[in-house]
Amino acid sequence: MNDALDDDLMDALRIPSADAEADAASAARLAALHTRLERAAAAEGLDEVAYREIDSPYGSLLLAATPAGLVRVAFAREDHDRVLASLAEKLSPRILRSPARTDGAAHQLDEYFAGRRRSFELPLDLRLTAGFRRAVVEHLPRIPFGSTESYAEVALATGSPKAVRAVGTACATNPLPIVVPCHRVVRADGTIGQYLGGTEAKTALLAFEGARPRD
Amino acid sequence: MTERAGLGIQPFEVIVQRHGPTVLRVCRAIVGVDDADDAWSETFLAALRGYPELDRDANVEAWLVTIAHRRCVDLIRARVRRAVPMDEIADRPAPLQNGPLGDLDLLRAVAGLPERQRQAVAYHHLVGLPHDEVARVIGGTSAAARKAASDGVRALRARLGATGTSRGETR
């Protein structure tokens, strides 16, 4: 018995084996256990927020859903970890990476990006927006694929013609970008306006939809 | 060890990612490799249930170990009711093999220790909980937890040394 053996034993207890094969086996085991946890949590209704990330032409998108429906879509530039931390505060800390609940949203977004879908038919949970902002968010899906409205037009359509600036705020805080098409709201002078996913993404989305520039 | 205190509660997924591997090692050491998956699953499901009520300044790792400890105790009791002796489980499926000390071999050796030594070694050495935290989980005094951990390590050293399997000797 010697000190070197003792140190080795301590290290071995504290630090899992660095063996790559063992690491891969552990990772696979943990992945299987995670899937089991997702199922058990869903069976007990404990997955109050279930999320996944998908690839899109505009970068990685976070899709988060409650049992009521899709509650948040976030661009990578919003920082998915920050968005999830904010959902833990605002909705529930019972948040799991669990793709099953957002299968429908992921599928419809894939169809949209592939040019096979022009509007979304998904249960939406709008609890992250309220009051006038919510009225704006509820109006936006009525702007058809390929069209745009100005902030002033949206203000008029929601019954508050003077609330042009508030429409801008509502679009900038839309919890469900792309699915709720705030990218179709542009400035009256034809300039693009701000966008959660960046103005480049907004320009690209409008070009993809074939929206005619306003002048 | 406190989990980013003051920054608000983390999404539960962060807890699973951060502590899942350690909890699996603990479960393997306490109930053996065969039952560890059940112990891990029950631990995280129970943790998810109680998570919203967890004090935001709590030591999350110690909290998870406490839950895992209770789940493991339950599993071992259920196994006793099925009349499968602990020794048999711990020694299964194979004795320590020659060659570099495999992680599973080591965890099997820990699982072969008497109960309190097994718990003290796992919670102190695998997780890194201080002896007083370990005592809070398993009961008894901090000094008793320290003694159980050191007796456990001595027994492991004897066992691993006797079979000629240590990293020290293969260098």
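Reader: In helix H4 (residues 103-113) of chain A, which residues are buried?
Author: A good place to start: this is a predicted model, where local features need pLDDT of at least 70, side-chain atom pairs count only at pLDDT 80 or more, and totals for chains, interfaces and linings use all residues. Buried means under 20% relative accessible area, exposed means over 50%, and partly exposed lies in between (1.4 Å probe, protein chains only). Helices are DSSP runs of H or I with at least four residues, strands are runs of E with at least two, and both are numbered from the N terminus. In H4 of chain A, the buried residues are A:Ala105, A:Ala106, A:Gln108, A:Leu109, A:Glu111, A:Tyr112 and A:Phe113.

Reader: What do the buried residues of H4(A) pack against?
Author: Residues are numbered from 1 along each chain as its sequence is written, chains are lettered from A and ligands numbered from 1 in the order in which they are written, and side-chain values use heavy atoms, with hydrogens and water left out. Contact means heavy atoms within 4.5 Å. The buried residues of H4(A) have as packing partners, all in chain A, S1, S2, S3 and helix H8 (199-209).

Reader: Just after H4(A), which residue takes a positive phi?
Author: Look right behind the end of the helix, where phi is positive at about 80°. The residue there is A:Gly115.

Reader: What is the order of the strands in the open sheet of chain A?
Author: Two strands pair if DSSP finds at least two bridges between them. The sheet has 4 strands with mixed pairing, in the order S3-S2-S1-S4.

Reader: How many bridges join S2(A) to S3(A)?
Author: A hairpin connects S2(A) and S3(A) through 2 residues. One bridge sets A:Leu62 opposite A:Ala74 in S3(A). The two strands run antiparallel, and the number of bridges joining them is 6.

Reader: Over how many bridges do strand S1 and strand S2 of chain A pair?
Author: One bridge partner of A:Arg52 to look for is A:Leu63 in S2(A). S1 (residues 49-54) and S2 (residues 61-66) pair in the antiparallel sense, and the number of bridges is 5.

Reader: Why is S3(A) largely enclosed by the rest of the structure?
Author: Count along the strand and check each residue for burial. S3(A) is largely enclosed because the buried residues number 7 of the 7.

Reader: Which residues have the most contacts inside the largest nonpolar core?
Author: A nonpolar core is a set of buried Ala, Val, Leu, Ile, Met, Phe, Trp, Tyr and Cys residues joined through side-chain atoms within 4.5 Å. The largest one has 70 residues, and those with the most contacts inside it are B:Phe12, B:Trp40, B:Tyr123 and B:Leu156.

Reader: Is B:Thr43 buried or exposed?
Author: You will find B:Thr43 in helix H2 (residues 33-50) of chain B. Leaving aside neighbours within four places in sequence, B:Thr43 is in contact with B:Val23, B:Leu64, B:Ile67, B:Ala68 and B:Arg71. The relative accessibility of B:Thr43 is 0%, so this residue counts as buried.

Reader: What is the area buried between chain B and chain A?
Author: Buried area is the accessible area (1.4 Å probe) that two parts lose on being put together, summed over both. The contact takes 43 residues from chain B and 33 residues from chain A. Carbon and sulfur atoms give 65% of the buried area, which comes to about 3400 Å².

Reader: How many salt bridges are there between chain B and chain A?
Author: A salt bridge is a side-chain nitrogen of Lys or Arg within 4 Å of a carboxyl oxygen of Asp or Glu. One example joins the side chains of A:Arg29 and B:Asp37 (2.2 Å, N to O). Another joins B:Asp38 and A:Arg36 (2.6 Å, N to O). Between chain B and chain A, the count of salt bridges is 4.

Reader: Is B:Asp37 buried or exposed?
Author: The salt-bridge partner of B:Asp37, A:Arg29, is partly exposed, with a relative accessible area of 32%. B:Asp37 has 15% relative accessibility, so B:Asp37 counts as buried.

Reader: How many residues apart are B:Asp151 and B:Lys147?
Author: These two form a salt bridge, with the closest N and O atoms 2.7 Å apart. Both lie in helix H8 (residues 142-162) of chain B, about one turn of the helix from each other, and their spacing in residues is 4.
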